[in-house]
Amino acid sequence: MNDVQNAPKVVVRREIRATAEELFDAWLDPASLAVFMRPGGTERTTVKVDPRVGGAFEIHMHMESGTVPHKGRYLEIDRARRLVFTWNSPYAGDNDSRVTVEFRSARGKTEVVITHEGLPADQQVSHNGGWSDILVLLEANYAEMRASAATT
Amino acid sequence: MGEYRNDRLDAVLGAVADSTRRAILARLSLADARVTEVAADFPISLNSVSKHVRMLERAGLVRRTVQGRDHVLSLDAAPLADAAKWIAYYRRFWDERLKALEQLMKQKHQRPKKRKQP
């Protein structure tokens, strides 16, 4: 039996024209966080950080419909290389989700890679191939189920 | 995006983290099946298959209907769609945050250069 953990996770990346230090520091700077942690529909974001391993942060996104609180704790702080924190919001599972931000500089740019895992940190995730396969398979069924539910 | 019961999302993520359980779901996505029929497809004991099925039931992914002496299993894909929505939501969320971070860097780099004359 294959015991590899195929947990779902989200990976996004972007190359940005800035140094790894500048980019890394923005993740721990309340003024910067208040700017880039403001999704569409958010009037303003207020931020509190205690930037040390074990320290907590709070990012409150204030919207017309109310305030969405995001909380977490720093697990790893390795300046200009790697930042790991827990992520807790009404949209993610309790304390269980974990975000890793990695920085890789090359030719005047820095690639920032965000990995968001929905499982507890002690359940290491290797890859997510199996998970996406089953989703593709099942999404079609769900679309049918919804379609039939909508007509009743 | 909808509000999820966090404990259920965790149960779903845990349930699909195993290849045997994913195979059981794939089997049931084709047709309902008796527990014994599902077990016959796998090179593991009926007892182990039953344990996997119970985890899937707890996650709300599999429903069991008792028809006489048979226990018939059927797939309920709705909780998986919740998990898929979680993934879609955060993929977009973090992608947009990185775009915003890039904008912030552009502004920071421009500001000092534009202040030669007050």
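**Exercise 1. State what share of the residues in chain B is buried, then do the corresponding count for chain A.**

Solution. Buried residues make up 33% of the 118 residues in chain B. A residue is buried if 20 or more other C-beta atoms lie within 10 Å of its own, exposed if 12 or fewer, and partly exposed in between, with C-beta atoms placed from the backbone. For chain A, the buried share is 32% of 152 residues.

The model is predicted: local features need pLDDT of at least 70, side-chain atom pairs count only at pLDDT 80 or more, and totals for chains, interfaces and linings use all residues. Residues are numbered from 1 along each chain as its sequence is written, while chains are lettered from A and ligands numbered from 1 in the order in which they are written.

**Exercise 2. List the secondary structure of both chains and the share of contacts that join distant positions in sequence.**

Solution. Step one is the assignment: helices (H or I, at least four residues) and strands (E, at least two) are DSSP runs, numbered from the N terminus. Chain B has five helices and three strands, in the order α-α-β-α-α-β-β-α from the N terminus. Chain A has three helices and seven strands, and its elements run β-α-α-β-β-β-β-β-β-α.

Step two is the contacts, where two residues count if their C-beta atoms, placed from the backbone, lie within 7 Å. Among contacts in chain B between residues at least 6 apart in sequence, 58% join residues at least 24 apart. In chain A, residues 24 or more positions apart account for 37% of the contacts with a separation of 6 or more.

**Exercise 3. Work out the sheet of chain B and the helix that packs on it.**

Solution. Strands pair if DSSP finds at least two bridges between them. Three strands of chain B form an open, antiparallel sheet in the order β1-β3-β2. Its edge strands are β1 (33–34) and β2 (62–67), each pairing on one side only. Between β2(B) and β3(B) (residues 70–75) there are six bridges, and B:V66 stands opposite B:H71 in β3(B). Helix α2(B) (residues 19–30) packs on this sheet and touches β1, β2 and β3 of chain B; its direction makes about 95° with that of β3(B). For such angles, axes are lines fitted to C-alpha atoms, for helices over the stretch in contact, and the angles run from 0 to 180 degrees between N-to-C directions.

**Exercise 4. Follow the antiparallel pairing from β4(A) through β5(A) to β6(A).**

Solution. First, β4(A) (residues 66–78) and β5(A) (residues 82–87) pair antiparallel over four bridges. Within this pair, A:Y74 stands opposite A:F85 in β5(A). The two strands form a hairpin with three residues between them, and A:A80 in the turn has a positive phi of about 70°. Next, β5(A) pairs antiparallel with β6(A) (residues 97–106) over six bridges. There, A:R82 has A:E102 in β6(A) as its bridge partner.

**Exercise 5. Is A:H60 buried, exposed or partly exposed, and why?**

Solution. A:H60 lies in strand β3(A) (residues 56–63). It counts as partly exposed because it has 17 C-beta neighbours inside 10 Å. Leaving out residues up to four places away in sequence, A:H60 touches A:T45, A:T46, A:T67 and A:P69.

**Exercise 6. Identify the residues with the most contacts inside the largest nonpolar core.**

Solution. A nonpolar core is a set of buried Ala, Val, Leu, Ile, Met, Phe, Trp, Tyr and Cys residues joined through C-beta atoms within 7 Å. The largest one has 53 residues, and A:L23, B:V12, B:L56, B:L61 and B:L101 have the most contacts inside it. Helix α5(B) (residues 78–110) gives the most to this core, with eleven residues. Beyond four places in sequence, the residues that B:L61 touches include B:V12, B:L25, B:L56 and B:L80.
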